[in-house]
Amino acid sequence: MTASEKTAKAGSTARTTKAQAARKAQPARGARQAAKETKDTKAVKDAKDATGTTEAAVAADTKETADAKPSRLSVFKTYKLYVGGKFPRSESGRVYEVTDSTSGAWLANAPLSSRKDARDAVVAARKAVGGWSGATAYNRGQVLYRVAEMLEGRADQFAREVAEAEGLSRSEAAAVVEAAVDRWVWYAGWTDKIAQVVGGANPVAGPFFNLSTPEPTGVVAVLAPQDSSFLGLVSVLAPVIATGNTAVVVASQKAPLPALSLGEVLATSDVPGGVVNVLSGKTAEIAAPLAAHQDVNGIDLTGASAELAAELEAAAADNLKRVRRPSAEDWSADPGIGRLTAWLETKTVWHPMGV
Amino acid sequence: MSSVVPAYAPDAAGRLSGLADVTASDSALRRFLHGLPGVDAVGLEARAAGLGTRSIKTTAKAYAIDLAISMIDLTTLEGADTPGKVRSLCAKGVLPDPTDRTTPRVAAICVYPDMVAVAKEALGDSGIHVASVATAFPAGRAAMDVKLADTRAAVAAGADEIDMVIDRGAFLSGRYMEVFEEIRTVKAACARGDGSAAHLKVIFENGELSTYDNIRRCSWLAMLAGADFIKTSTGKVAVNATPANTLLMLEAVRDFRDTVGVQVGVKPAGGIRTTKDAVKYLVLVNETAGDDWLSPDWFRFGASSLLNDLLMQRQKLRTGRYSGPDYVTVD
């Protein structure tokens with residue numbers, strides 16, 4: 001069978017079931033592609049091109065339907081968790097509705113994480129500790145800078161999400177995103193400088209070198225601020241991973257979408273899987289097992305209310321977790337290095353001197 | 001069949017003689033093994049996967065965890081094993097979780113033959129068995145007298161259980177009688193001077209048997225030859241115990257007991273690392289062979305890292321807090 005015969009045959013078959021073919025073609029290929037094919041139909045027909053024979057047939061077929069300009073089907077994004085470098089749904093299968101902060105309109109369904117998701121996230125974070133804390137500070141700085149680069153490229157998306165989440169105008173939201181990118185860069189610069197600032201050689205009364213070096217705490221659970229869904233989130237997360245810890249982040253309960261999208265940025269910016277794990281859902285529900293978890297080394301209670309924070313602090317005492325209590329914070333102010341040193345342990349080594 | 005006897009009972013041999021005609025000659029044995037019904041691989045895997053979806057929670061989970069701990073053959077089979085490592089493993093077997101004395105003991109400590117004496121001494125009168133691999137484990141590629149010397153040395157050093165490997169080369173090339181005789185001879189070598197005998201576990205190395213049909217044939221072959229336990233694998237190859245091949249072996253021991261009235265145990269080994277996996281195997285046992293097999297006498301896990309995960313889950317059930325690797329031993 002020659003190519004042109006094939007075209008004719010395919011064409012006639014398709015014509016007999018015209019409506020069927022049109023219906024089939026659209027959802028299968030996506031409406032945009034079908035429309036594009038329609039545009040090309042004339043040229044393809046004129047040239048009697050032998051390539052893509054069946055496409056030509058289908059395209060010829062969709063010509064009539066295209067006159068009606070079918071409206072494009074919306075493609076909604078399924079927001080998912082970010083755990084261990086993958087994007088799972090909640091183990092529980094639950095979701096909750098996220099709404100626009102001003103109009104109250106539905107934006108998306110976010111996963112409603114369970115305590116098992118928290119447990120899985122801790123396992124992933126623990127697995128990542130060795131590699132990430134063992135990476136050179138310089139390398140961590142490069143990776144964090146890469147995150148800033150990736151964020152810059154998706155600034156529009158984040159500006160939209162932040163505007164919807166926090167009821168800001170587009171220009172205000174864009175400024176928040178810029179500030180967040182700058183904050184990543186700022187913390188990226190600190191990775192290989194913090195040791196010089198908080199570590200050092202200590203003068204001792206004896207024939208010893210005495211050196212103090214800061215080391216990462218380990219797995220840190222981070223309750224992201226509830227009010228600042230993006231700049232606040234970046235301001236609490238970046239210092240945790242800049243110092244070589246790995247993080248399990250509980251996103252803002254009512255505005256988790258920027259955090260879940262941040263997971264996508266981290267997945268494409270050389271941050272090893274498991275270094276950052278993002279959970280969405282009810283803060284109190286997820287935070288309780290994290291605070292009690294024996295394999296979590298620190299917890300940042302920034303996003304917890306006063307009563308919840310007290311409860312979590314008591315639970316965290318069992319394995320002597322580092323706890324950072326919540327306080328009113330201005331996210332646009334100079335952050336200082338307080339959040340970096342909160343997740344560092346000082347190791348002091350005595351070394352004999354002389355011959 | 002009026003009653004059931006364990007494979008190590010004195011009258012088990014008498015029961016087996018009921019099937020003496022199938023083991024009378026090489027050709028009769030081949031005819032019998034090839035006459036076993038073929039395995040529906042898709043059905044088997046679907047059944048194993050289906051049984052793996054059962055949800056075992058709260059008190060049932062607590063029971064399953066304790067049962068699984070009591071079924072573990074805590075294993076160290078490394079070239080780098082030292083007496084110190086074996087002793088610490090024994091200490092762990094006796095008292096798996098020092099923070100909770102209600103934790104059950106493991107069933108046995110599984111070591112290489114030269115470590116049997118060390119393990120025996122470390123375990124003392126704790127009641128935990130010492131299992132020893134033998135017959136040129138894991139390859140099984142040695143002369144018969146070497147394999148027997150290996151076995152006798154382990155028994156003489158005090159091993160309560162012998163884990164032998166079969167000659168997969170002979171089995172795969174169809175020399176069934178040779179494998180049958182090998183198992184019989186090793187079983188004879190397990191006898192002690194006082195008339196008792198070490199229990200014999202026969203390792204098939206399922207990963208090397210290629211097909212489910214071969215695993216079914218091998219199961220029957222080993223049981224006919226007098227195995228007390230049939231064991232999936234050495235843990236030294238890529239494919240070890242899987243739910244499907246363990247299910248197949250459980251079906252074999254069930255059918256064998258129905259046929260001749262002799263009960264044989266099953267031991268999956270290798271690749272079982274989490275509590276979830278272990279509980280899935282227990283479901284398989286209960287649903288396939290029945291609860292007669294739900295005891296350390298009839299079902300064992302060959303594992304090393306599984307115990308830590310079981311202990312962490314046990315701590316979680318007890319305290320309500322997720323535990324971590326900082327609270328169990330590094331082994």
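D73(B), E161(B), D163(B), K201(B), K231(B), K267(B) and R300(B) are joined by salt bridges into one network. The model is predicted. Side chains of opposite charge can pair when their charged atoms come close.

Start with D163(B) and K231(B). Their side chains form a salt bridge, with N and O 2.8 Å apart. D163(B) sits in strand β5 of chain B, residues 161-165, and K231(B) sits in strand β7, residues 229-231, so this salt bridge ties together parts 68 residues apart in sequence. Both D163(B) and K231(B) are buried.

D163(B) has another partner in K267(B). Here the closest N and O atoms are 3.0 Å apart, and the pair is again a salt bridge. K267(B) belongs to strand β9 of chain B, residues 265-267, while D163(B) is in strand β5, so this pair ties together parts 104 residues apart in sequence. K267(B) is buried, as is D163(B). D163(B) thus takes part in a salt bridge with K231(B) and in one with K267(B).

Now turn to chain A. This chain has 14 helices and ten strands. It contains 355 residues, and 44% of them count as buried. Take its contacts with a separation of 6 or more: 76% of them come from residues 24 or more positions apart.

One salt bridge in chain A spans such a distance in sequence. R339(A) pairs with D300(A), and the closest N and O atoms lie 2.8 Å apart. R339(A) is in helix α14, residues 338-341, and D300(A) is in strand β8, residues 298-300. The two are 39 residues apart, and the pair links distant parts of the chain. Both R339(A) and D300(A) are buried.

Next comes the interface. Ten residues of chain B and eleven residues of chain A make the contact. The area buried between the two chains is about 940 Å². Carbon and sulfur atoms give 47% of that area. Which residues of chain B lose the most area to chain A? They are R321(B), Y322(B) and Y327(B), and together they account for 68% of what the chain B side buries.

R321(B) also carries charge pairing across the interface. It forms a salt bridge with D318(A), where the closest N and O atoms are 3.6 Å apart. The count between chain B and chain A is one salt bridge. On the chain B side, the residues that touch chain A divide into three nonpolar, three polar and four charged. Polar contacts add to the picture: three residue pairs are found across the interface, with both residues at pLDDT 80 or more.

Step back to the whole structure. Over all chains there are 36 salt bridges. The pairs described above are among them, including R339(A) with D300(A) and D163(B) with K231(B).

How many disulfides does the search of the whole structure find? The count is zero over all chains. Two cysteines of chain B still deserve a look. Buried means under 20% relative accessible area. C190(B) has 0% relative accessibility, so it counts as buried. C218(B) has 1% relative accessibility and therefore counts as buried too.

How values were computed
Residues are numbered from 1 along each chain as its sequence is written. Chains are lettered from A and ligands numbered from 1 in the order in which they are written. This is a predicted model: local features need pLDDT of at least 70, side-chain atom pairs count only at pLDDT 80 or more; totals for chains, interfaces and linings use all residues. Side-chain values use heavy atoms; hydrogens and water are left out. Contact means heavy atoms within 4.5 Å. Buried area is the accessible area (1.4 Å probe) that two parts lose on being put together, summed over both. A salt bridge is a side-chain nitrogen of Lys or Arg within 4 Å of a carboxyl oxygen of Asp or Glu. A polar contact is a pair of N or O atoms within 3.5 Å; within protein, one must be able to donate a hydrogen and the other to accept it, and residues adjacent in sequence count only if both atoms are side-chain atoms. Ala, Val, Leu, Ile, Met, Phe, Trp, Tyr, Cys and Pro count as nonpolar, Asp, Glu, Lys and Arg as charged, and the others, Gly among them, as polar. A disulfide is a pair of cysteine sulfur atoms within 2.5 Å. Buried means under 20% relative accessible area, exposed over 50%, partly exposed in between (1.4 Å probe, protein chains only). Helices (H or I, at least four residues) and strands (E, at least two) are DSSP runs, numbered from the N terminus.
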